[in-house]
Amino acid sequence: MADNQQAAGNENQNQPQFALQRIYVKDLSFESPNSPLVFQEQWKPQVNLDLNTSHNKISDNQYEVVLSLTVTAKVGEKVAYIVEIQQGGVFMISGIEGPQLGQMLGAYCPTILFPYAREAIDGIVNKGSFPALMLAPVNFDAIYAQALKRKQEEAAGEAKEEQTH
């Protein structure tokens, strides 16, 4: 019976595990270069969102994932505000490797971090005396799939180029 319990214990160690350990703001900046004059303009902003993700391994099964967002709001040609945030998270991931690990770090973890970044952006925009900005949800799975496809196409292009030389 002890052998069965030990075997079950070893089986559990090999099972995929995922846990969120910490969420934090790594960097946050807000600037409103044209205030207070921008407050006199009719508020019909053009909002641009740039986002990026990165990750690094902290220990055997701990990863830091950082979601970087830059929001630029313009009224006409004037910049109303720029918000930059790096929303970080520490995740415990074990028993997951290869493409599945890439998917976790490149899509699943950023999906978890996004609502926190969105809330921080909304709060800082309000403190800048601008109307609330609720960013629309982002499909990180689709973004990750596009990035993967682009890398594969680039690799295929480089392989063809090497064959012709």
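Mentor: Let's start with a term: rings of Phe, Tyr and Trp (its six-membered ring) pair if their centres lie within 6.5 Å, and planes under 30 degrees apart count as stacked, over 60 as edge-to-face and the rest as tilted. By that rule, Phe30, Phe39, Trp43, Tyr81 and Phe130 form one aromatic cluster.

Trainee: Ok, and what kind of model is this?

Mentor: It's a predicted model, where local features need pLDDT of at least 70, side-chain atom pairs count only at pLDDT 80 or more, and totals for chains, interfaces and linings use all residues. Residues are numbered from 1 along each chain as its sequence is written, and side-chain values use heavy atoms, with hydrogens and water left out.

Trainee: What's the mean pLDDT of the protein?

Mentor: The mean is 90, and 88% of the residues reach 70 or more. pLDDT is the predictor's confidence in each residue, from 0 to 100. Among the elements, strand 3 has the highest mean, 98, and helix 1 (residues 2-14) the lowest, 55.

Trainee: How many helices and strands are there?

Mentor: Three helices and four strands. Helices (H or I, at least four residues) and strands (E, at least two) are DSSP runs, numbered from the N terminus. Along the sequence the pattern reads α-β-β-β-β-α-α.

Trainee: And what order do the strands take in the sheet?

Mentor: The order is 1-4-3-2 in an open sheet, with antiparallel pairing. Two strands pair if DSSP finds at least two bridges between them. Strand 1 and strand 2 (46-59) are at the edges with a single partner strand each, so one side of each has no neighbour in the sheet. On average, neighbouring strands are turned by 15° against each other, direction ignored.

Trainee: How many bridges join strand 4 to strand 3?

Mentor: 14, and the two strands run antiparallel. Gln62 stands opposite Met92 in strand 4, while Val75 has Lys78 as its bridge partner there. Strand 3 and strand 4 make a hairpin with two residues between them, and Gly76 in the turn has a positive phi of about 65°.

Trainee: What about strand 1, how many bridges join it to strand 4?

Mentor: 13 bridges, also in an antiparallel arrangement. As an example, Ile23 has Gly89 in strand 4 as its bridge partner.

Trainee: Is strand 4 mostly covered or mostly exposed?

Mentor: Mostly covered, as 14 of its 17 residues are buried. Buried means under 20% relative accessible area, exposed over 50%, and partly exposed in between (1.4 Å probe, protein chains only). In the whole protein, 29% of the 165 residues count as buried.

Trainee: Back to the rings. How many aromatic pairs are there?

Mentor: Nine. Take Phe18 and Tyr108: their ring centres are 5.2 Å apart and their planes are at 75°, so this pair is edge-to-face. Phe18 sits in strand 1 (residues 17-31) and Tyr108 in helix 2 (residues 98-127), so the pair ties together parts that are 90 residues apart in sequence. Phe18 is partly exposed at 29% relative accessibility, and Tyr108 is partly exposed as well, at 41%.

Trainee: And how are the rings of Tyr81 and Phe130 placed?

Mentor: That pair is tilted, with 4.9 Å centre to centre and 55° between the planes. Tyr81 is in strand 4 (residues 78-94) and Phe130 in the loop between helix 2 and helix 3 (140-164), so the pair ties together parts 49 residues apart in sequence. Both Tyr81 and Phe130 are buried.

Trainee: Which residues touch the most other members of the largest nonpolar core?

Mentor: Tyr81, Ile93 and Ile121, out of 31 residues in that core. A nonpolar core is a set of buried Ala, Val, Leu, Ile, Met, Phe, Trp, Tyr and Cys residues joined through side-chain atoms within 4.5 Å. Helix 2 gives the most to this core, with ten residues.

Trainee: Where does helix 2 lie?

Mentor: Across strand 1, strand 2, strand 3 and strand 4, at about 140° to strand 4. Axes are lines fitted to C-alpha atoms, for helices over the stretch in contact (heavy atoms within 4.5 Å), and angles run from 0 to 180 degrees between N-to-C directions.

Trainee: Last one: where's Gly95?

Mentor: In the loop between strand 4 and helix 2. Gly95 is partly exposed, with a relative accessible area of 48%. Its C-alpha atom is separated by 5.6 Å from that of Asn14, 81 residues apart along the chain.
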